[in-house]
Amino acid sequence: MFSGDGQILLSGGLDRTIKLWDVATGCCIRTLMGDRLYEGMNLRGATELTNAQKATLKVLGDLI
């Protein structure tokens with residue numbers, strides 16, 4: 001999606017980020033991140049988690 005004046009491009013990623021790009025230079029102006037429910041949690045000592053659960057928690061921001 002472009003800004004009204006066509007100078008900024010907005011892109012969204014599967015990593016829950018939104019990036020604003022300067023069209024003239026191709027440089028990223030700003031990166032916005034959505035809330036990540038488990039950001040910074042450390043469940044390294046947790047037991048009985050399946051590989052799928054570990055992968056999900058990692059995507060959500062856990063430090064597994």
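## Two cysteines and a three-stranded sheet

The sulfur of C27 lies 8.7 Å from the closest cysteine sulfur, which belongs to C28, and that is too far for a bond. Keep in mind as you look around that this is a predicted model. Besides the cysteines, there is an open sheet of three strands to explore, along with a nonpolar surface patch.

**The cysteines**

- How many disulfides does a search of the whole structure find? The search finds zero.
- A disulfide needs two cysteine sulfur atoms within 2.5 Å, so the 8.7 Å between the sulfur of C28 and its closest cysteine sulfur, in C27, is too far for a bond.
- C27 counts as partly exposed, at 45% relative accessibility.
- C28 also counts as partly exposed, with a relative accessibility of 33%.

**The sheet as a whole**

- The three strands are ordered β1-β2-β3, and their pairing is antiparallel.
- Which strands stand at the edges? They are β1 and β3 (residues 28-33), and each has a single partner strand, so one side of each is left without a neighbour in the sheet.
- Neighbouring strands are turned against each other by 15° on average, if direction is ignored.
- A helpful piece of background is that strands of a sheet pair through backbone hydrogen bonds, either parallel or antiparallel.

**From β1 to β2**

- β1 covers residues 8-12, and five bridges join it to β2, which spans residues 17-22.
- These two strands run antiparallel.
- To see one pairing for yourself, find G12, which stands opposite I18 in β2.
- β1 and β2 form a hairpin with four residues between them.
- In that turn, look for R16, which has a positive phi of about 65°.

**From β2 to β3**

- β2 and β3 are joined by five bridges and run antiparallel.
- Which residue in β3 is the bridge partner of K19? That partner is T31.
- The hairpin of β2 and β3 has five residues between the strands.
- Within this hairpin, G26 takes a positive phi near 80°.

**The nonpolar surface patch**

- M1, L10, I18 and L32 make a nonpolar patch of about 370 Å² on the surface.
- Where is M1 found? M1 sits in the segment before β1.
- Is M1 buried or exposed? M1 is exposed, with a relative accessible area of 72%.
- I18 appears twice in this tour: I18 helps make the patch, and I18 is also the residue of β2 that stands opposite G12.

Key. Residues are numbered from 1 along each chain as its sequence is written. This is a predicted model: local features need pLDDT of at least 70, side-chain atom pairs count only at pLDDT 80 or more; totals for chains, interfaces and linings use all residues. Side-chain values use heavy atoms; hydrogens and water are left out. Patches are made of residues with over 30% relative accessible area and no salt bridge: like charges are joined within 9 Å, nonpolar side chains (Val, Leu, Ile, Met, Phe, Trp, Tyr) within 5 Å. Accessible areas come from the Shrake-Rupley method with a 1.4 Å probe; for residues, only the protein chains shown count as cover. A salt bridge is a side-chain nitrogen of Lys or Arg within 4 Å of a carboxyl oxygen of Asp or Glu. Buried means under 20% relative accessible area, exposed over 50%, partly exposed in between (1.4 Å probe, protein chains only). Two strands pair if DSSP finds at least two bridges between them. Axes are lines fitted to C-alpha atoms, for helices over the stretch in contact, and angles run from 0 to 180 degrees between N-to-C directions.
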